[in-house]
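Q: Please take a close look at one aspect of this protein, the empty space that its atoms leave. I should like a connected account, with each term explained.

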Amino acid sequence: MTNSVMAAGTIASLFGDASLTEAERAIAEMRAGRPVILAQAGRLFLVASAEFADAERLSALNELAGGALQLVLTPARLRALGRPEYTQPMAIPASALGSERVQALIAQELSARDMNGQAKAELREELVEPGPAGAAALQLATLALMLPAVLMGPLAPAALTLPALTVRAEAIAGFGEDRATHVEIVSRAPVPLISARDCEFVVFRGGEGMREQVAVIVGAPDPARPVLVRLHSACLTGDLFGSLRCDCGDQLRATVASMAQAGGGVLLYLDQEGRGNGIANKMRAYRLQSDGLDTYEADETLGFDLDGRRFDFAAAMLRQLGYDRVILMTNNPEKIGALRRAGLDVTGVERLYGRRGADNIRYLAAKRDRAGHFLDLDALDHHAPTSCG
């Protein structure tokens with residue numbers, strides 16, 4: 001191999017996989033409020049997050065789309081607006097909507113329910129199919145942790161010189177699959193904890209969004225034997241502030257204490273706030289829960305599916321640490337299935353209990369009834385800790 005060929009290969013590797021980098025850049029553009037150009041099956045579409053749809057922006061986007069701008073919504077959001085017959089994304093001609101109506105259709109203004117659980121207001125506008133490009137645009141918004149609602153329209157010829165980033169639909173589709181297992185260790189250090197002095201924090205970078213994930217190794221678990229493992233999605237309100245709305249903080253602290261007593265274990269602290277929807281959308285969902293919806297109804301009202309998390313990269317983290325046989329501490333059957341699908345040997349499951357109280361009883365019941373969590377609400381009174389410490 002000549003030096004020039006080697007140099008070319010090295011230079012190319014500096015910029016990574018083109019499909020991944022274009023998806024990553026499109027995610028950043030979406031979060032910054034800037035429109036992107038979506039290439040799908042030989043056609044170009046202008047796409048922007050509907051969260052930023054004020055009157056001026058709506059008018060400008062519609063002009064760039066040749067007057068054919070659409071508001072694309074998910075089936076979950078359509079159900080919340082009284083249109084349960086649709087199982088695929090549908091669109092409303094945005095040119096017929098004002099900015100206030102767009103905001104009402106994507107956010108919580110139409111989300112409150114009456115005493116019979118029905119939406120107080122319904123979506124009566126004419127709906128059209130946005131095609132595959134609509135699904136790709138919604139996926140991009142979800143990856144960017146925005147509300148799953150986009151403004152989209154065909155790019156008018158006069159707009160072809162726009163300084164906007166172009167992203168291919170297939171790059172968006174492939175991004176989640178690749179990043180689901182791509183993690184690497186970037187730092188590690190001993191960190192003594194109150195309930196487990198012998199701990200090491202191992203920081204990984206990866207997963208969707210290339211965010212930082214943490215493995216907390218408690219004690220010295222033996223890779224030759226099944227190791228206690230907990231997959232814990234970050235919960236700012238519960239883990240840090242002791243929110244009474246969930247049981248996350250109780251589960252987190254109980255995990256570390258149990259692992260220390262058992263001689264070791266691995267807690268994976270995953271950056272998947274709000275079941276993968278992000279902290280901003282979690283607060284939107286909390287507002288809806290304050291209005292009477294349960295945790296899954298609130299997410300659905302915002303347009304999200306039951307659970308947006310992936311656990312593929314958790315399996316990759318465990319493998320890099322040398323563990324492939326685990327006893328999983330969870331009440332969530334999806335976590336068990338995800339690790340098994342990823343090829344890990346889940347040799348046992350231990351239930352994990354938090355407190356039950358007036359503020360979280362509906363949350364716990366919804367996890368049991370809507371997502372199939374293994375929860376005996378009566379048993380919580382016997383297992384729950386007596387304080388947040």
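A: The account below treats the enclosed spaces, then the open ones.

The model is predicted, so that local features need pLDDT of at least 70 and side-chain atom pairs count only at pLDDT 80 or more, while totals for chains, interfaces and linings use all residues. Residues are numbered from 1 along each chain as its sequence is written, and side-chain values use heavy atoms, with hydrogens and water left out.

Rolling a probe the size of a water molecule over the atoms shows where empty space is left. On a 1 Å grid over the protein atoms alone, a cavity is a set of points where a 1.4 Å probe fits but cannot get out; a pocket is an open set with protein on both sides within 12 Å along at least five of seven lines, and lining residues have an atom within 4 Å of a point. Grid points are joined across faces, edges and corners, and a volume is the space filled by probe spheres set on the points.

By this rule there are two cavities of 30 Å³ or more. The largest cavity holds about 420 Å³ of space. It is lined by 28 residues, and those closest to its centre are Cys248, Arg275, Arg309, Tyr363 and Lys367. Helices (H or I, at least four residues) and strands (E, at least two) are DSSP runs, numbered from the N terminus. Two or more lining residues come from each of β10 (227–233), α9, α10, α11 (295–301) and α14 (361–371), and α10 has the largest share, four residues. The lining of the largest cavity comprises eight nonpolar, 11 polar and nine charged residues; here Ala, Val, Leu, Ile, Met, Phe, Trp, Tyr, Cys and Pro count as nonpolar, Asp, Glu, Lys and Arg as charged, and the others, Gly among them, as polar.

The second largest cavity has a volume of about 50 Å³. Of its 12 lining residues, Gly242, Ser243, Cys246, Asp250 and Arg355 lie nearest the centre. Helix α9 gives the most to this lining, with four residues.

Turning to the open spaces, the largest pocket has a volume of about 600 Å³. Its lining has 27 residues, with Gln139, Thr142, Leu143, Asp305 and Gly308 nearest the centre. The largest share, five residues, comes from α6. In the second largest pocket, of about 380 Å³, the largest share of the lining, five residues, comes from α9. That lining divides into 11 nonpolar, two polar and two charged residues.
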